[in-house]
Amino acid sequence: MLCEFDYLAPRTMPELFDALAAGGPDARILAGGTDLLVNVRAGLVTPKCVIDIKKVSGLDGLSFDAKNGLAIGAAVTVNQLAEEPVVREKYGLLVACAESLASYQLRNRATVVGNIVNASPCADMAPALLCYDAQVVIASRQGSRTVPIREFFTGVKKTVLAQGEIVEKILVPLTHAGGSGAYEKLKRIKGHDLGIVGVALLKKDGLVRMAVSSAAPTPILVRDCKAGESADTLAQAALQAVKPIDDVRSSKEYREFMVQVYVKRLLERV
Amino acid sequence: MKITLTVNDQVYIRDAAPSKNLLHFLREDVGLTGTKEGCGAGECGACTVIMNGKSVNACLVLAPEADGAVIRTVEGEALNGELSPVQHKFMEHHAVQCGFCTPGMLMSIRDLLGRVPKPSVHQIKEAIEGNFCRCTGYQQIIEAVLDVTGQLTKDNKGELRHV
C-alpha cells in the first residue's frame, strides 16, 4: 500500500460511530475493500484510519420475510446475495446484476451496499435495486433514516450520506418481486469489465420498469411503462431518461444507441 | 500489529503494518512466494488464494482482515512432494506457458471444483473469468479441467474429445 493507516474493527454500532467520529474525514469505511483498496493503491484516497465494518454485529444479516421483503446488511457480499435461494426465486434481476459484476473471486469480497455507496455511474447492483424500489437505511449516532434508492445518488461518486453516517442495510420490498427481469451490459470484452452501458428491465403485472447504468452521472430509473406499449415507445422512454457522456470507453451516441437496442432485446427475453 | 494465520494447515504468527495487504504479507512475512502480484487491483487474479473456503484476490484483502483466517495457496496443492491431480493435468495439457497466472488459476479451479464437481465449459470459463493468462493459453487450461473431471475421451484417431 502507498499510504500507512490504522486498522479498526469495531464489534458494535456504538463502537463503529465512535471510531467514525474520532477518525473524522480521514477515516474510511472498509467493507469488501474492492473499491477502497484500489483507490488507496492509486493514491486517490489517503485515509489515516480504515474502519472494517465486517465484524460489527448485525451488519452481516441477509434476511427475508413475507411482509417486508428482503433486507441486505452492509457486510453481505455480492455472491452471498446471488447464491441465496429466496433471492434467486423472488428477485431474479438482483441475481442477474450480481452475476455481471466483476469476477467470481471479487464478488466473494465486494458487498452489495459498498457497490451502492461507492456510487459509480456504472454500479451494477444499482439498476436492479432501482427497479425493485429499494430503500436505503442510513444510520448515524443520532438515529436512522430511510431514503429511496432513486434519491440516494446525487452525482458521480456522490450520495446523500453525510459525515458520520453509514448505510446499515438495503430493504427490497415485495412490490415488484417475482417479476421477470434481465440485465444487459455492454463491455469491451466478454469477460469481466466495467460497463459501457447497462440496462435492466423488470416486467410484472402489466408494468415494465427499466433502469440504466453508465449513461448518466448516476444510475437512473426510467419512468414506469406499460407492458402494452410498443418496443419503440419503451426504447424512447429509456433514451429520454439517460444523459450519457463521451469518454474513453465509448461515445455518447453509441451509448444512446445501445440503450435502445438493449431495451428491445430485453423485452424479448423477459 | 500481530496477525495469526493458518496457511496450508500451518499456523504463522507475524507482526505486520495494518496497511499491508494479504498478498504482500504471504510473500514477505510468511515467505510463501507462490502467490503472484500482477495488477494489484483485483483485475488479473494472479494473487487468487482461498480464504475461509472462498476464493479471493489477496491484493484486496488487508492482512489484519485475514487475522484468524484459514488460507490455502498454491503451495498447498502438492501433498508429500506429489503434485495434485489438477497440477498433473496442467502439465499434461501444456496449460502452463510462462506460469505467472498458474498459481491463481489453480486456486480458482480448486474453488470451482469444490462448488461444482463436474463443471461445464461455460462454468469453467466463468470461474476463471477473473484470472488473466497473458500467454492466452485458456483452451489448454479448460481442457485440463475437463480431463481432471473425467470429461475428456480419446476418439479413434487418439485425439482428445469432450464427452
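## Exercises on a two-chain model

B:Asn52 is partly exposed, with 13 other C-beta atoms within 10 Å. (A residue is buried if 20 or more other C-beta atoms lie within 10 Å of its own, exposed if 12 or fewer, and partly exposed in between; C-beta atoms are placed from the backbone.)

This is a predicted model; local features need pLDDT of at least 70 and side-chain atom pairs count only at pLDDT 80 or more, while totals for chains, interfaces and linings use all residues. Residues are numbered from 1 along each chain as its sequence is written, and chains are lettered from A and ligands numbered from 1 in the order in which they are written.

**Exercise 1.** State how confident the predictor is in chain B and in the complex.

*Solution.* Start with pLDDT, the predictor's confidence in each residue, from 0 to 100. Chain B has a mean of 96, and 100% of its residues reach 70 or more. Then take the complex: its ipTM is 0.95 and its pTM is 0.96.

**Exercise 2.** Place B:Asn52 and B:His94, and look at phi in each.

*Solution.* First, B:Asn52. It sits in the loop between S3 and S4 of chain B. (Helices, H or I of at least four residues, and strands, E of at least two, are DSSP runs numbered from the N terminus.) Its phi is near 45°, a positive value in a residue other than glycine. Next, B:His94. This residue belongs to the loop between H2 and H3 of chain B. Phi of B:His94 is near 55°, again positive in a residue other than glycine. B:His94 counts as partly exposed because it has 13 C-beta neighbours inside 10 Å. Most residues other than glycine have a negative phi.

**Exercise 3.** Check the span of H3(B), then decide how enclosed this helix is.

*Solution.* H3(B) runs over residues 102-115, 14 in number. The expected span is 1.5 Å times one less than the number of residues. That gives 20 Å, and the end C-alpha atoms are 20 Å apart, which agrees. Now burial: 10 of the 14 residues are buried, so the helix is largely enclosed by the rest of the structure. Among them are B:Met105, B:Leu106, B:Ile109 and B:Leu112. The cover includes H6 (104-107) of chain A. From chain B it includes S3 (48-51), S4 (54-57), H2 (85-92), H4 (121-127) and H5 (138-148).

**Exercise 4.** Describe the side of chain B that touches chain A.

*Solution.* Count contacts first (C-beta atoms, placed from the backbone, within 7 Å). Chain B gives 24 residues and chain A gives 20. S4 and H4 of chain B each give two or more residues to this side of chain B. S4(B) has the largest share, four residues. By type, the side of chain B holds nine nonpolar, 10 polar and five charged residues. (Ala, Val, Leu, Ile, Met, Phe, Trp, Tyr, Cys and Pro count as nonpolar, Asp, Glu, Lys and Arg as charged, and the others, Gly among them, as polar.)

**Exercise 5.** Show how domain 2 of chain A meets domain 3 of chain A.

*Solution.* Chain A is divided into domain 1 (6-52), domain 2 (62-172) and domain 3 (180-269); the bounds come from an automatic or database domain assignment. The C-alpha centres of domains 2 and 3 of chain A lie 20 Å apart. In contact are 21 residues of domain 2 and 20 of domain 3. H5 (92-99), H8 (125-131) and S8 (153-155) of chain A each supply at least two residues of the domain 2 side. H8(A) gives the most, five residues. That side has 15 nonpolar, four polar and two charged residues.

How values were computed: Two residues are in contact if their C-beta atoms, placed from the backbone, lie within 7 Å.
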